[in-house]
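I opened a fresh page to note what I looked up, going from the whole chain to one residue and then to the cores.

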Amino acid sequence: MERADWQNHKRTCKKPGYTAPAGMSSAGGFLDTMFGGSNLDKLTKRECYIQLIDSYRMRVEDDYVYGCDNHGLYAGEDPRPEFAHFLDLAEKRNGLLPKWWNKESRVACEAMGADNSKGNWADLSCAVEKHDIQDHYKDNAMPMKLRLLAEKVYGKRVAGGL
């Protein structure tokens with residue numbers, strides 16, 4: 001069955017004037033289509049802040065696990081300055097943040113991450129692992145979505161090659 005599909009696909013792709021479907025022209029585009037891109041503009045402000053925080057926390061975890069790179073919380077440092085840098089980079093990525101994002105939004109996002117009161121899921125001083133993200137969002141693909149968001153922010157994958 002797979003070979004038959006490939007034969008049809010190969011003929012279609014070779015036709016003059018063929019254009020790949022929107023979002024399918026590259027691996028990144030394919031993953032954006034598959035996992036929904038950043039989609040931050042489709043979230044409430046609170047959800048957006050939490051996903052930015054979780055994307056950063058997931059990246060710090062991945063850098064530790066796959067890149068043997070201890071930084072932020074994993075190096076015993078205050079994670080807030082590094083998260084501020086993460087937001088600096090996100091603000092420079094055209095179209096990544098929602099249209100409503102502004103200085104007040106940033107302050108609110110940073111405040112949410114700095115809130116270490118009991119029960120605050122988005123506490124930057126708490127590490128997260130893949131299973132934590134999956135349990136919290138009730139979505140097994142959410143760690144990948146957050147990793148893709150972090151890749152867009154940093155402009156690169158985890159150093160260890162995840």
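Before placing any residue, I noted that a helix here is a DSSP run of H or I with at least four residues, numbered from the N terminus. I also reminded myself that this is a predicted model.

**Whole chain.** I counted the secondary structure and found seven helices and zero strands, and of the 162 residues, 34% count as buried. I then looked at contacts between residues at least 6 apart in sequence, and found that 66% of them join residues at least 24 apart.

**Glu-82.** I located Glu-82 in helix 4, which covers residues 79–92. What is the nearest side chain of opposite charge to Glu-82? I found that it is Arg-59, 8.9 Å away, and since a salt bridge needs the atoms within 4 Å, I recorded Glu-82 as buried with no salt bridge. I did find a polar contact of 2.5 Å between the side chains of Glu-82 and His-71. Beyond its neighbours within four places in sequence, Glu-82 is also in contact with Tyr-56 and Val-60, among others.

**Cores.** I next turned to the largest nonpolar core, which has 23 residues, and among those with the most contacts inside it I listed Phe-83, Phe-86 and Trp-101. Helix 3, helix 4, helix 5 and helix 7 each give two or more residues to this core, and helix 3 gives the most, with seven. Looking at Trp-101 itself, and leaving out residues up to four places away in sequence, I saw that it touches Leu-52, Leu-87 and Cys-109, and also Glu-91 and Arg-106, among others. Lastly, I noted a second, separate core of five residues, including Met-58 and Val-128.

Technical notes: Residues numbered from 1 in each chain as written. Predicted model: local features only at pLDDT ≥ 70, side-chain atom pairs only at ≥ 80, totals over all residues. Heavy atoms only, no water. Buried < 20%, exposed > 50% of the residue type's maximum accessible area, 1.4 Å probe, protein only. Lys, Arg positive; Asp, Glu negative; His and termini not counted. Polar contact = N/O pair within 3.5 Å; in protein donor to acceptor, adjacent residues only side chain to side chain. Contact = heavy atoms within 4.5 Å. Core = buried A, V, L, I, M, F, W, Y, C linked by side-chain atoms within 4.5 Å.
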